[in-house]
Amino acid sequence: MNASYLYVIGFSLALVAAAASAQQYKWKDARGRWVYGDVPPAGVKVEPLKRPPSTPVPPVKSAGSEDGAKAGAKSSKPLTAAEKEMEFRRRIKEAQESASKKAQEDKIARETKENCDLAREQERTLASGQRISRVDTKGERYYMDDAQRAQELAKARTSVDQWCK
C-alpha cells in the first residue's frame with residue numbers, strides 16, 4: 001500500500017473516532033428554536049445530552065405507512081461509519097479531480113501566454129527593419145529580402161492574433 005492511502009485511512013478513522021466521542025448539547029437560538037451540536041455559542045444556556053448507547057437500539061415499528069417510515073428514518077438517521085468513510089472518500093476524489101482540472105487549466109494558460117510572448121517578439125523583430133539572416137537546408141546563411149520579410153511579418157501577426165486574444 002502506498003503512504004498516501006494509509007494517510008487517508010488514518011485521517012478518516014481519526015475523524016470518525018472524534019465525532020463518536022464528542023459531547024453533544026442543545027440550546028435555543030435567537031429565534032427560540034432548539035439547536036443541537038457539539039460546540040455551543042458563548043452566552044447561551046446549554047443542556048448536555050446523554051450519550052447514545054454503544055449498541056444500536058432496534059427501531060420501533062409504527063402503524064403508519066412503510067414508505068413514509070423509511071423516508072423519515074433515512075433522512076433523520078445518522079450516517080454509519082462506512083457511510084461516513086464513503087462520503088469522505090467521495091469528497092477527497094472530488095477535490096483531487098478539481099485540483100487536477102485547475103492544474104491543467106493553469107498549464108494551458110501558461111503555454112498560451114508563452115506563445116503570445118514569442119509571437120509578439122517575432123513580430124517586433126520583423127517590423128524593426130533590421131537585416132535578418134536565416135540558414136538554408138545546406139547550412140548556408142542568407143539574408144531575407146523585403147518580400148520574405150513581409151510574408152514572415154504577416155505570419156507573425158496572424159500568430160499574435162491567434163495567441164494573444
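**Entry 1: the disulfide**

I began with the link of C116 and C164, which is right-handed, with 115° about the S-S bond. C116 lies in helix α3 (residues 81-127) and C164 in the segment after α4 (146-163), so this pair ties together parts that are 48 residues apart in sequence. The model I am reading is a predicted one, and I keep that in mind for every value below. For the sulfur atoms of C116 and C164 I noted an S to S distance of 1.8 Å. I looked for further links of this kind and recorded that the structure holds one disulfide. I then asked myself whether C116 and C164 are buried or exposed. Both C116 and C164 turn out to be buried.

**Entry 2: confidence**

Before going further I looked up how far the prediction can be trusted, and found that the protein chain averages a pLDDT of 81, with 73% of the residues scoring at least 70. Which helix has the lowest confidence in the protein chain? I found that it is α2 (residues 66-76), with a mean of 52, whereas confidence is highest in α3, at 93. Where pLDDT is low, the predicted coordinates should not be read in detail, so I left the fine geometry of helix α2 (residues 66-76), with its mean of 52, out of these notes.

**Entry 3: the elements in order**

I counted four helices and five strands in the protein chain, and from the N terminus on I wrote their order down as α-β-β-β-α-α-β-β-α.

**Entry 4: the sheet**

I turned next to an open sheet of three strands, in which the order is β2-β1-β3 and the pairing is antiparallel. At its edges I found β2 (34-37) and β3 (47-48), each of which pairs on one side only. Between β1 and β2 I noted four bridges in the antiparallel sense, and among the partners across this pair I listed W27 with V35 in β2 and K28 opposite W34, also in β2. The two strands β1 and β2 form a hairpin with five residues between them, and in the turn I noted G32, which has a positive phi of about 85°. On the β3 side, strand β1 (residues 25-28) is joined to β3 by two bridges, again running antiparallel, and here I found K26 standing opposite E47.

**Entry 5: the nonpolar core and helix α3**

Which residues make up the largest nonpolar core? I listed five residues in all, namely L126, I132, M144, L153 and A156. For A156 I also looked up the contacts, leaving aside residues up to four places away in sequence, and found that A156 touches A119, Q122, E123 and L126. I then checked A127, which is found in helix α3, and which counts as partly exposed because its relative accessibility is 49%. The C-alpha atoms of A127 and R149 are 8.5 Å apart in space, although the two residues are 22 apart in sequence.

**Entry 6: burial and contacts over the chain**

Finally I took down the totals for the protein chain, where buried residues make up 10% of the 165 residues. The accessible surface comes to about 14000 Å², and I noted that 56% of this belongs to carbon and sulfur atoms. Of the contacts with a separation of 6 or more, residues 24 or more positions apart account for 36%.

Definitions and conventions:
Residues numbered from 1 in each chain as written. Predicted model: local features only at pLDDT ≥ 70, side-chain atom pairs only at ≥ 80, totals over all residues. Heavy atoms only, no water. Disulfide = S-S within 2.5 Å. Buried < 20%, exposed > 50% of the residue type's maximum accessible area, 1.4 Å probe, protein only. Pairing = 2+ DSSP bridges. Core = buried A, V, L, I, M, F, W, Y, C linked by side-chain atoms within 4.5 Å. Contact = heavy atoms within 4.5 Å. pLDDT = per-residue confidence, 0-100. Areas by Shrake-Rupley, 256 points an atom, 1.4 Å probe, with all protein chains shown as cover.
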